[in-house]
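Me: I would like to work through this structure with you, one question at a time, and to see the reasoning behind each answer.

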Amino acid sequence: MNRVIWRDGAFIDWGEATVHVLSQSLQRGSLAFDYIGIYRTPRGPAVFRLDDHVDRLLRTCAVMDLPLAYPREQLIDAAMETARRNPGARSLRISVLNTSIDLDLAAQDPSTTVFIAAFDFAKDIAAHNPGTPHHAPLLRLSIERGKRSRREDTIPPQAKVAASYTPSIPAKQRARREGYDDIILLDEADNVTEAPTANLFAVADGRLLTAPGHKVLLGITRDTVLQIARGLGIACEERDFGVDTLLTASEVFLTGTSVGVWPVIEIDGHRYGNGAVGPVTERLQTQLRAVQHGEDARFEHWLRRI
Ligand code: PMP
């Protein structure tokens, strides 16, 4: 593969971007990362809300006490240069990790290495893996009731760190074996929070509901959809709500960089809208695509042309 990856200021080949098996972040789950979309627009490919993604990465590093050797502007420039050097890439992934070998949780060498990769997931990654990637344009979800993994007193949900995803791995694998596409995470009071890698919205009585910001990862798509919805005159509420509200909602969808607005047609056997995409979901999906693809002048400031 001819992709190149930025590592601490220099470009290296894709296959060279490796760490030792005993490295601190791999062994302890402290890797901080962020994932950013690149979209085709009439004026060429553009990176969407890069500044906001980098700010979120800086917050994750602060929460995890990971020292970062590069200031914000340098990371933004490095990400843009990585996008430029990898034509056809559809996303960027910035990873910050401690590659030192140490058995102590408080590593003797706490310094981090930054890697920035730019790729097309389907062509550069999925095509080289065995089997076919899971694909579901309309989602069937299962509520994870066994463990309430969205807890503010462990890893704050606002930190995009590898360890936050660990409890969801066996839960999601189990759900897949049972025929579902993904799971919904609850907090300790049984409120609906988000999916493991996407935020969740419900449409109830014509209003858009989503969990409050301190309970979830502050998704850039979540914020984009809230701004678009408010612009369309749709009332939005960021508040706690339970499974009952979710199951009596007229529409449910997930949001995330990799999927945009992703319609949910079933949760634990309960069907929404006869399995068709709901009207609010469809409207927001269309508007989001227009914003990401540079077709809405009001949000042009969110796009950095490569
Ligand atoms: N929640 C979690 C836990 C996530 O990992 C993601 C994916 N980054 C999201 C929500 C969606 O965030 P974004 O819209 O910024 O991709």
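**Arg49 and its partners**

Reply: Arg49 is buried, with a relative accessible area of 7%. The model is a predicted one, and this residue is a convenient place to start.

Me: With which residue does Arg49 form a salt bridge in which the closest N and O atoms are 2.9 Å apart?
Reply: A salt bridge needs a side-chain nitrogen of Lys or Arg within 4 Å of a carboxyl oxygen of Asp or Glu. The partner here is partly exposed, with a relative accessible area of 26%, whereas Arg49 is buried. At 2.9 Å between the closest N and O atoms, the residue paired with Arg49 is Asp52.

Me: How many residues apart are Arg49 and Asp223, the pair that links distant parts of the chain?
Reply: The side chains of Arg49 and Asp223 meet in a salt bridge, at 2.8 Å from N to O. Arg49 sits in the loop between strand 4 (46-48) and helix 2, while Asp223 belongs to helix 7, and the separation between them is 174 residues.

Me: Is Asp223 buried, partly exposed or exposed?
Reply: Buried means under 20% relative accessible area and exposed means over 50%, with partly exposed in between. Asp223 has a relative accessibility of 28%, so the residue counts as partly exposed.

**The ligand site**

Me: Which side chain has an N or O atom 2.7 Å from a nitrogen atom of the ligand?
Reply: The ligand is surrounded by 17 residues, of which Tyr165, Glu194, Ile220, Thr221 and Thr257 are the closest. An oxygen atom of the ligand lies 2.8 Å from a side-chain N or O atom of Arg56, and a ligand oxygen is also 2.8 Å from a backbone N or O atom of Ile220. The 2.7 Å distance from a ligand nitrogen leads to the side chain of Glu194.

Me: What percentage of the accessible area that the ligand has on its own does the protein cover?
Reply: Among the ligand's surroundings are Arg56, whose side chain places an N or O atom 2.8 Å from a ligand oxygen, and Glu194, whose side chain comes to 2.7 Å from a ligand nitrogen. On its own the ligand has 390 Å² of accessible area, and the share covered by the protein is 97%.

Me: Which elements give two or more residues to the shell around the ligand?
Reply: The residues of this shell divide into 5 nonpolar, 8 polar and 4 charged. The elements that contribute two or more of them are helix 2 (50-63), strand 10 (198-204), helix 7 (220-231) and strand 13 (251-256).

**Helix 3**

Me: What span should helix 3 have at 1.5 Å a residue?
Reply: Helix 3 covers residues 72-85, which makes 14 residues. The expected span is 1.5 Å times one less than the number of residues. The end C-alpha atoms are 20 Å apart, which agrees with the expected value of 20 Å.

Me: Which residue meets Arg85 in a salt bridge of 3.0 Å, N to O?
Reply: Leu75, Ile76, Ala78, Ala79, Met80, Thr82 and Ala83 are buried in helix 3, whereas Arg85 is partly exposed, with a relative accessible area of 45%. Its partner, at 26% relative accessibility, also counts as partly exposed. Because the two are 4 residues apart in helix 3, they are separated by about one helical turn, and the partner is Glu81.

**Loops and a helix end**

Me: With which residue does the side chain of Gln292 make a polar contact?
Reply: Gln292 is found in helix 9 (residues 279-292) and is buried, with a relative accessible area of 5%. At 3.2 Å, the side chain that Gln292 contacts is that of Tyr39.

Me: What is the approximate phi of Asn274, which is not a glycine?
Reply: Asn274 lies in the loop between strand 15 and helix 9 and is exposed, with a relative accessible area of 77%. Asp268, in the loop between strand 14 (260-267) and strand 15 (270-271), has a positive phi near 45°. For Asn274 the phi is also positive, at about 55°.

Key. Residues are numbered from 1 along each chain as its sequence is written. This is a predicted model: local features need pLDDT of at least 70, side-chain atom pairs count only at pLDDT 80 or more; totals for chains, interfaces and linings use all residues. Side-chain values use heavy atoms; hydrogens and water are left out. A residue is near a molecule or strand if one of its heavy atoms lies within 4 Å of it. A polar contact is a pair of N or O atoms within 3.5 Å; within protein, one must be able to donate a hydrogen and the other to accept it, and residues adjacent in sequence count only if both atoms are side-chain atoms. Accessible areas come from the Shrake-Rupley method with a 1.4 Å probe; for residues, only the protein chains shown count as cover. Ala, Val, Leu, Ile, Met, Phe, Trp, Tyr, Cys and Pro count as nonpolar, Asp, Glu, Lys and Arg as charged, and the others, Gly among them, as polar. Buried means under 20% relative accessible area, exposed over 50%, partly exposed in between (1.4 Å probe, protein chains only).
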